[in-house]
Amino acid sequence: INDDGFMATAATTETTISDLTYFCHTLVALNALAPAFIFGIKRQSTSEIFSSNNNNNDSWLESLKARQQEIDKQQDLIEKKWISADCVSTIPISFPAWVRRLAVDEYPLVAAGSHTGNIYVANMETGTSIAQSFGQENEIPLGGQEEMMRILFSGCDGGGTLAIALRKTLICSASRQGSVQLWRVDNTQAELISQGSLQALQGVLVTCIQLDDDYLWVGTADGRLQAYALSSSDVPLALQTQPELEWNLASPILSLSLCPEIGYGVVSTAKGSVQLFSMEDDDEMVTEWVPPIDSKPLSTVYIISTTLVPYKNGGYAIVCGCNNGSIHLQRLNYQNGMFDTNKMAATNSKTSSIFQSRHAGPVKCLVSPTPGLMLSGGQDGTVRVWYISESEDELHFQYQFAGYKVWLGTLWTDGLRIVSDGADNSIIVHDFSKSV
C-alpha cells in the first residue's frame with residue numbers, strides 16, 4: 001500500500017499474489033489477537049514495506065504464516081474440547097432476583113433481566129455486581145398480552161423481562177409495559193442511568209431485541225421488524241419516532257437472530273415461517289421458509305427460536321426450534337457474500353425428530369459457538385451440543401448439560417464458553433478455554 005492508500009505494484013520484488021493474499025488474511029486474523037502488534041507499527045512507505053531484500057520479505061511472511069499456524073492449532077484444540085465436553089463449569093455470580101434473560105457483549109460483562117423487570121450488571125470474572133435498576137416491579141403491564149405470553153412461554157411464564165441486549169455501555173430491555181427501556185452503565189455509580197424508553201414503540205409489546213454496531217433491532221407482537229440508528233446526529237435513540245429500517249410481517253415475531261459477519265438476520269413468526277432478511281436495507285425479505293412442523297391434532301406448534309449456523313467448510317443453514325421440542329434445519333446456498341434463494345431446496349429440510357434426540361420441552365434458544373457446531377437450550381432443563389454434518393445436512397447430538405430449570409431462556413457464546421440463565425438467580429458458565 002503506498003502513501004496515498006492505493007495498492008502498489010509488486011513488480012520490484014518477488015512477492016507473489018498468493019503471498020499478498022495470505023498477508024492480508026493473516027492481518028485480519030491477527031487483528032483480533034494482537035492489535036498492538038499490527039496497528040502499533042509506524043506507518044511506512046511502499047519502499048519501506050516492500051523492501052528489495054527478499055530475505056527480509058520471506059522472513060516476514062514466514063513469521064505471519066507461523067503465527068497463523070499457531071492460531072489454527074489453538075482453534076483445533078478448542079474444537080476438540082467442545083466435542084469432548086472438556087470444560088470448567090462455574091456459577092460466577094448470583095443476583096437478588098430470579099434471572100429471566102441475559103445479554104453479553106464481550107466477556108466478562110453480563111446484563112441480566114429479572115422476574116421483577118429490574119436489570120442487573122455484573123463482572124463474571126471477578127464475581128462482583130456493578131450496577132442495577134430500581135422500580136420496574138411497580139410498572140403496569142399492557143393489557144391483552146395473555147395469548148402472546150402463552151405462545152412465548154408455553155405455560156411456564158416466570159414474569160419480568162422479555163428480552164435484553166447489551167452493547168458496550170448501552171443496555172436495552174423489553175418488558176411487559178411495552179416499548180424498549182434504555183440504560184447506560186457508569187462504573188462509578190451503583191444504579192443504572194435511565195435513558196428513557198423508545199418513543200416510537202410506546203404502547204407496543206416488544207418480544208425480542210438485538211444490538212449491533214449500528215442499530216437497535218426490535219421485533220414486536222404486532223408483526224413489525226424494525227431497526228433504529230444508534231448514532232443519529234439529529235435525534236437521541238429514546239426520542240426517535242421512526243425506524244431507519246422496517247418490515248411488516250403481519251404476524252407476531254417470536255424470535256430474532258443476527259449474523260453481522262455476513263450482514264443477514266432471521267426472524268420467526270407466529271404463522272409458522274422463518275424469514276431471512278438483509279441488515280443493509282429494508283427491501284422485501286430475502287426468502288421465507290416454512291418448516292414441515294409435525295403438529296398434532298388440536299395443538300399448535302410455534303417456532304420460538306431461530307439462528308443462522310455456519311458450516312465448517314463454508315456456507316450457512318437456518319436452524320429453528322419449536323415449542324414441541326423439535327429442531328429443523330434448512331441449508332442455504334451462500335456464495336460470494338450472497339444467498340441464492342432459487343437453489344434453496346425444500347427437500348433438504350430435516351427435523352430433529354428424525355435424528356437421535358429431541359428436546360422434551362420447548363426449544364427456547366439456539367446459538368453457534370463455532371462453524372459446524374450448534375447449541376440448543378430447552379425448557380426440559382438441558383443445553384445440548386450438536387454437530388452439523390455438511391455432507392448429510394443433519395444434526396448429530398453430541399452431549400448435554402442438564403440440571404437447568406424451565407426458566408432457561410438465553411444462551412450466549414463467544415466460541416470459548418457458554419453463558420446461560422436457567423438457574424434461578426444465578427448465571428452459569430461452561431468455559432472451554434481453561435488450560436488452553
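Is Cys 208 buried or exposed? In this predicted model, Cys 208 is buried, its relative accessible area being 8%. The cysteines are considered below, after the charged pairs of side chains.

Side chains of opposite charge can pair when their charged atoms come close. The count of salt bridges in the structure comes to 14. Three of these pairs are described here in turn.

One salt bridge is formed between Asp 86 and Lys 81, with a separation of 3.1 Å between the closest N and O atoms. The two partners fall into separate classes of accessibility. Asp 86 is partly exposed, at a relative accessible area of 39%, whereas Lys 81 has a relative accessible area of 5% and is therefore buried, the limit for that class being under 20%.

A salt bridge also brings together the side chains of Arg 167 and Asp 105, at 3.4 Å from N to O. This pair connects distant parts of the chain, its members being 62 residues apart. Arg 167 belongs to strand 6, which covers residues 163-167. Asp 105, in turn, is found in the loop between strand 2 (99-104) and strand 3 (109-114). With a relative accessible area of 22%, Arg 167 is partly exposed.

A further salt bridge involves Asp 431 and Arg 417, whose closest N and O atoms lie 3.6 Å apart. Asp 431 is located in strand 30 (residues 426-431) and Arg 417 in strand 29 (residues 417-423), so the pair ties together parts separated by 14 residues in sequence. Asp 431 is buried, with a relative accessible area of 5%, and Arg 417 likewise counts as buried, at 10% relative accessibility. The pair belongs to one network, in which salt bridges with shared partners join Asp 414, Arg 417, Asp 431 and Lys 434.

Attention then turns to the cysteines. A disulfide is a covalent bond between the sulfur atoms of two cysteines. The structure contains zero disulfides. Cys 320 accordingly takes part in no disulfide, and the cysteine sulfur nearest to that of Cys 320 belongs to Cys 322, at a distance of 5.0 Å. Because a disulfide requires the two sulfur atoms to lie within 2.5 Å, a separation of 5.0 Å does not qualify. Cys 320 is buried, with a relative accessible area of 0%. Cys 208, the subject of the opening question, is buried as well, at 8%.

Note on methods: Residues numbered from 1 in each chain as written. Predicted model: local features only at pLDDT ≥ 70, side-chain atom pairs only at ≥ 80, totals over all residues. Heavy atoms only, no water. Salt bridge = Lys/Arg side-chain N within 4 Å of Asp/Glu carboxyl O. Buried < 20%, exposed > 50% of the residue type's maximum accessible area, 1.4 Å probe, protein only. Helix = DSSP H or I, 4+ residues; strand = E, 2+ residues; numbered from the N terminus.
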